[in-house]
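The following briefing sets out the fold, core and backbone details of one protein chain. The sequence and structure are shown first.

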Amino acid sequence: MSEIIANGLRADAAPRDSAERRAFDQDAVEHLIRQLLTAIGEDPDRDGLKDTPRRVAAWWAQFLTPDPGVLDTVFDHDDVGDQWVAVSDIEIWTICEHHLLPFRLSLTIGYIPAGRVIGLSKIARIALRHAAGLQLQERLTAQIAQTLASLTGSPDVGVWATGEHLCMSMRGVRATRARTRTGCLLGRLRTEPGLGDRLLAATEQRRHG
Ligand SMILES: [Zn+2]
């Protein structure tokens, strides 16, 4: 069920992270939202809308600036043996770059420690950081896997994502119950037959057990 998508993603297709993006221009966004309201036939000066451009611009500013919390809290841990660590049911929201509509992901993120373990809350933080921009589910899944691998020094990483995309459920085919699943397996999770699926199955079993 898991699809390997880590390779073959074009680097130039990656979103700019907050350090590389041009400075956010809140006044310009506010102005554009006002223009958008006019263009869709609304009166931007009517009571319900007069603060909307400011609110929308403030939201974009917040969304694009992820919490700068520390990501790289790792602990040396030689005695964990050959076990895996996985965090499931991590819920994040981001914005689809094709339609500028939100999508919600439920993530399971796991890895096999190689002498170092990462603080568990950092795993969710990695996902949040990559969600702070215009995204694609496939790319976000791969970026989380690659960041976790580089922070932990473990090549054995798996990320599974189930997405609900408003661009599918509220426009186009209106497939309200459709869910999109992606997975990125690296290292042994990719090369050892069935290992990734076993890890995911065990995580789901614990969740329901
Ligand atoms: Zn979309």
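**Briefing on the predicted model**

A58 has its place in helix α2, which covers residues 52-64. The model is a predicted one. In this model the chain has 209 residues, 27% of which count as buried. Seven helices and seven strands are present in the chain.

**Overall fold**

- In sequence order, the elements follow the pattern α-α-β-β-β-β-α-β-α-β-α-β-α-α.
- Among contacts in the chain with a separation of 6 or more, 73% join residues 24 or more positions apart.

**Surroundings of A58**

- A58 has 14 other C-beta atoms within 10 Å and is therefore partly exposed, since a residue is buried at 20 or more such atoms and exposed at 12 or fewer.
- The C-alpha atom of A58 lies 8.5 Å from that of E30, although the two residues are 28 residues apart along the chain.

**Helix lengths and ends**

- Helix α1 comprises the 14 residues 26-39, which at 1.5 Å a residue should span 20 Å; the C-alpha atoms at its ends are 20 Å apart, so the expected and computed spans agree.
- G41, just after α1, adopts a positive phi of about 90°.
- Helix α4 has 16 residues and extends 23 Å from its first C-alpha to its last, close to the 22 Å expected at 1.5 Å a residue.
- G153, just after α4, likewise has a positive phi, here of about 70°.

**Nonpolar core**

- The largest nonpolar core contains 29 residues, and L107, I144, A145, L148, V157 and V159 have the most contacts inside it.
- At least two residues of this core come from each of β3 (102-111), α3 (120-131), α4 (137-152), β6 (157-165), β7 (180-185) and α7 (195-208).
- Helix α4 supplies the largest share of this core, with six residues.
- The buried residues of α4 are L140, T141, A142, Q143, I144, A145, T147, L148, A149 and T152.
- Leaving aside residues up to four places away in sequence, V159 touches L107, I109, T141, I144, A145, G183 and C184.

**Packing of α3 against α4**

- Two packed helices are described by the angle between their axes and the distance between the axes.
- The axes of α3 and α4 come within 9 Å and cross at roughly 135°.
- This angle makes α3 oblique to α4, because angles over 145 degrees count as roughly antiparallel and those from 65 to 115 as roughly perpendicular.
- The crossing of α3 past α4 is right-handed.
- At this contact, I123, I126, A127, H130 and A131 of α3 meet L140, Q143, I144, T147 and L148 of α4.

**Positive phi outside glycine**

- Most residues other than glycine have a negative phi.
- D89, which is not a glycine, has a positive phi near 60°.
- The position of D89 is in strand β2 (residues 85-96).
- Because D89 has 11 C-beta neighbours inside 10 Å, D89 counts as exposed.
- L100 also has a positive phi, of about 55°, although L100 is not a glycine.
- The loop between β2 and β3 holds L100.
- L100 has 10 other C-beta atoms within 10 Å and is therefore exposed.

Notes
Residues numbered from 1 in each chain as written. Predicted model: local features only at pLDDT ≥ 70, side-chain atom pairs only at ≥ 80, totals over all residues. Helix = DSSP H or I, 4+ residues; strand = E, 2+ residues; numbered from the N terminus. Expected span 1.5 Å × (residues − 1). Core = buried A, V, L, I, M, F, W, Y, C linked by C-beta atoms within 7 Å. Contact = placed C-beta atoms within 7 Å. Axes fitted to C-alpha atoms, helices over the stretch in contact; angles between N-to-C directions. Parallel < 35°, antiparallel > 145°, perpendicular 65-115°, else oblique. Left-handed = near helix turned anticlockwise from the far one by under 90°.
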